[in-house]
Amino acid sequence: MVSKKLQQLKDKFGSAIQQADVVNDMRLLVYIDPASVKPICQYIFRDMDARYVISIGSDDRPYSGKFLVFHQFAFDKEKILFSIICQLPGENPRIDSISGIIPAANWAERELKDLLGIEPVGHPYPKRLVLPDAWPDGHHPLRKDFAWNKIPEGYDEEREFDFDETPPGCTAVPFGPFHPTLDEPEHFRLYVDGEFVRGCEYRGFMVHRGIEKLSESVLGYNDVPMMAERICGICGCVHSLAFCQAVENGAGVIVPPRAEFIRTIMLEIERLHSHPMWVGLACHLVGFDTLFMQAWRIREPIMWLAEKITGNRKTYGLGIIGGVRWDFTPELIAETRAVLDKLESEWRQVVAAVSKDKNIMARTSGVGMADKALCKEMGLVGPVARGGGVDIDARRDHPYAAYDRVDFKVITHNTADVWGRVVVRMLEVFESINIIRQCFDKMPQGPLVADITTELPAGRVGYTSIEAPRGESHHFAITGDDNRPRRWRARAPTYQNLQGIPAMIKDQRIADMQISLGGIDPCMSCTDRMETIDIRTGARKSWTKAELLSLSRSRKG
Amino acid sequence: MSILSKLKETAICLNAGRVTMPYPFESKPVPERFRGRPIWDHVKCIGCAGCANNCPSREILINDICQEIRILHYLGRRCTYCGRCADVCPEDAITMSHEFENGTNKITDLQQRLELFMSTCQRCGRCFKGQSPLEALKMKGYRADDLANDRWVFKSTAYLPGQPILEDLTIELEG
């Protein structure tokens, strides 16, 4: 199947295809002439009907003297992940923009310009995306000659945001960075005409932490999974395992079967706590707090279970390159089965109640519309796409871990609105329970970690897709020297789904904004510190840890 | 129909009853595998620096202040309790304790500092910690010559619960 796709491309474009690397039946790398990137991508996206995944830039100057741009596509039915590679000169790199023909590439190309200084020629909206407005021009943090801890000269903290002009007849309404119903720092500038949203400008990346730079400059293969786990508070295990899989895929490490089953189980446990949480949040956003409380109560035993298995409620610390760190004992398996049984019966009650609830239905039906065409254009993934009737699921389409050894259904719904997403997420819980039970039945004995005796080879390209609770998470890694990746790119599902938000909220009421955005789960953590000041004397007292503890234990306070 | 679904939702709530735990007034025991704050055992530690090499948040520092003395400093600020240090420790000198209530305004409450006496190999010049009790005693006697120093060594090499090791690092909150 891979060779057929390659032949199709060769027949059509001939000499523009410079080199092809057929890794296996599921992976294909094609090096092309950068001058013909636009027609080739158009052909792949429109005529061959591929799904656009992400564009990735890499500074390869220390090794080959060139910049690299990878356009990632996926053929879901044929189970192929497909990569188009353009080599650009090391001086003044420029590449034709594909955002005109593939709107989903908009952010990725702006990011290329911000972080690597690769100019997307002909980009329809070439505004700064990742770097703050105050950042001086000409400094590109992901270039290899930019130190990880450097703050460039000329950083202007006083500079204000550079917003677009409000369209005539509209009023700009700021939504965020800190909005009562949206706990995460991201700013939507809504253009409102009366009560209807006519458009918006998005400003985000306020919590950009530079993890990709850290992974290629300070940390090593052993450390990055732990950091990747902290990309997201909900899909942490997904990102850590996806990084491991990308490196294993590139370096050719074979994971032991037992570790694959354990990975599958933990990924599903993560989905099991994420879906009830999201359904609860969706109810909370439409003002239905009773069900919010109940959904979270039902979720809680899953968190305790995860804590028993891995030692932590959320950051499992599960994945390392070549395997996993925690094993299942027979007692744990029995306990997990019991928790799953309870969850299944309780969740069935919730589904029975919610699926007929006219109030929730009225608030979510016809809101945040994402039909099949929008899913294709913007590359939407996960429950958003499945709620719109697009039958994609990385677990089935690009099997990883032990998903090729278990049976499950991919849930789709055809209403294309938030209600469709609620239904998809509610029903997927049963599929996850089903998958975990099958894994317990089929789990073999054996080692947990592959025996890696030599250094991982450098310069190999590995990429993988994992189905996170929110959608497909795509990780890309080039292995490198010094026991660390040369380039690592994590594309979370929200990266694509957020780009669809302006189209989803267009011409809708401003009151529906929150629930349209509801697919983005808020996560925030904070540590309270305390100091007491006597108002009369002005004396300050610092509390020690022991005092704080005993104070919190005593009811009098 | 909607009335029926509301009744079902009410039934879910009534069946569940009250589930809130009275934390922090009563704390619940944590499971066996729980990963809390890492704690170093200065007796077992051989100063191999494996933990420092494998710490994803780069929270463990190793300083060789001379050929014989190696200082291991756990900073405890942005530690994520991933437990990689305990995984790679060849001597099981690090345990992931069950302590998780680490809110404090004194960073020294969380820090640990180990002073390790390293033996020098006459052939290669590199060091490892003297392990025999006799050797350890000798080391102690050597250090005990200086009483002021001895006190400092005692405080810094052992883990003393509830006592800050260094007093100089206090976070002042602005009034």
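The accessible surface of chain B (areas come from the Shrake-Rupley method with a 1.4 Å probe, and for residues only the protein chains shown count as cover) comes to about 10400 Å², of which 57% belongs to carbon and sulfur atoms. This is a predicted model, in which local features need pLDDT of at least 70 and side-chain atom pairs count only at pLDDT 80 or more, while totals for chains, interfaces and linings use all residues. Side-chain values use heavy atoms, without hydrogens and water, residues are numbered from 1 along each chain as its sequence is written, and chains are lettered from A and ligands numbered from 1 in the order in which they are written.

Chain B has 175 residues, of which 41% count as buried (buried is under 20% relative accessible area, exposed over 50%, and partly exposed in between, with a 1.4 Å probe and protein chains only). Its secondary structure comes to five helices and six strands, where helices (H or I, at least four residues) and strands (E, at least two) are DSSP runs numbered from the N terminus. From the N terminus on, these elements run α-β-α-β-β-α-β-β-β-α-α. Among contacts in chain B (heavy atoms within 4.5 Å) between residues at least 6 apart in sequence, 68% join residues at least 24 apart.

The loop between α1 (2-16) and β1 (38-40) of chain B holds Y23(B), and P24(B) is found in that loop as well. A cis peptide bond joins Y23(B) and P24(B), with omega at about 5°. Y23(B) is partly exposed, with a relative accessible area of 42%, and together with W304(A), M21(B) and F100(B) it forms a nonpolar patch on the surface with about 370 Å² of accessible area. Such patches are made of residues with over 30% relative accessible area and no salt bridge, like charges being joined within 9 Å and nonpolar side chains (Val, Leu, Ile, Met, Phe, Trp, Tyr) within 5 Å.

In the interior, the largest nonpolar core has 95 residues, and those with the most contacts inside it are I269(A), L318(A), F328(A), W347(A) and W488(A); a core is a set of buried Ala, Val, Leu, Ile, Met, Phe, Trp, Tyr and Cys residues joined through side-chain atoms within 4.5 Å. Helix α8 (residues 257-285) of chain A gives the largest share of this core, 15 residues. A second, separate core of 83 residues includes V2(A), Y31(A), L68(A) and V130(A). In soluble globular proteins, nonpolar side chains tend to be buried together.

Helix α2 (residues 37-47) of chain A has several buried residues, among them V37(A), I40(A), C41(A) and I44(A). R46(A) in this helix, however, is partly exposed at 37% relative accessibility. R46(A) forms a salt bridge (a side-chain nitrogen of Lys or Arg within 4 Å of a carboxyl oxygen of Asp or Glu) with E377(A), the closest N and O atoms being 2.8 Å apart. Because E377(A) lies in helix α12 (residues 372-378) of chain A, the pair ties together parts that are 331 residues apart in sequence. After α2(A) comes D49(A), which lies in the loop between α2 and β3 (51-60) of chain A and has a positive phi of about 60° although it is not a glycine.

A search of the whole structure finds 50 salt bridges over all chains. One of them joins E78(A) and K5(A), whose closest N and O atoms are 3.3 Å apart. E78(A) lies in the loop between β4 (66-75) and β5 (80-89) of chain A and K5(A) in helix α1 (residues 2-13) of chain A, so this pair ties together parts 73 residues apart in sequence. At 28% relative accessibility E78(A) counts as partly exposed, whereas K5(A), at 9%, counts as buried.

UniProt lists E212(A) for "binding site" in an unreviewed entry; its positions are given in the numbering used here, feature names are shortened, and annotations may be inferred rather than shown by experiment. E212(A) is placed in helix α5 (residues 211-215) of chain A and is buried, with a relative accessible area of 12%. Leaving aside residues up to four places away in sequence, E212(A) touches L142(A), R487(A), W488(A), R489(A) and A490(A). W488(A) is also among the residues with the most contacts inside the largest nonpolar core.
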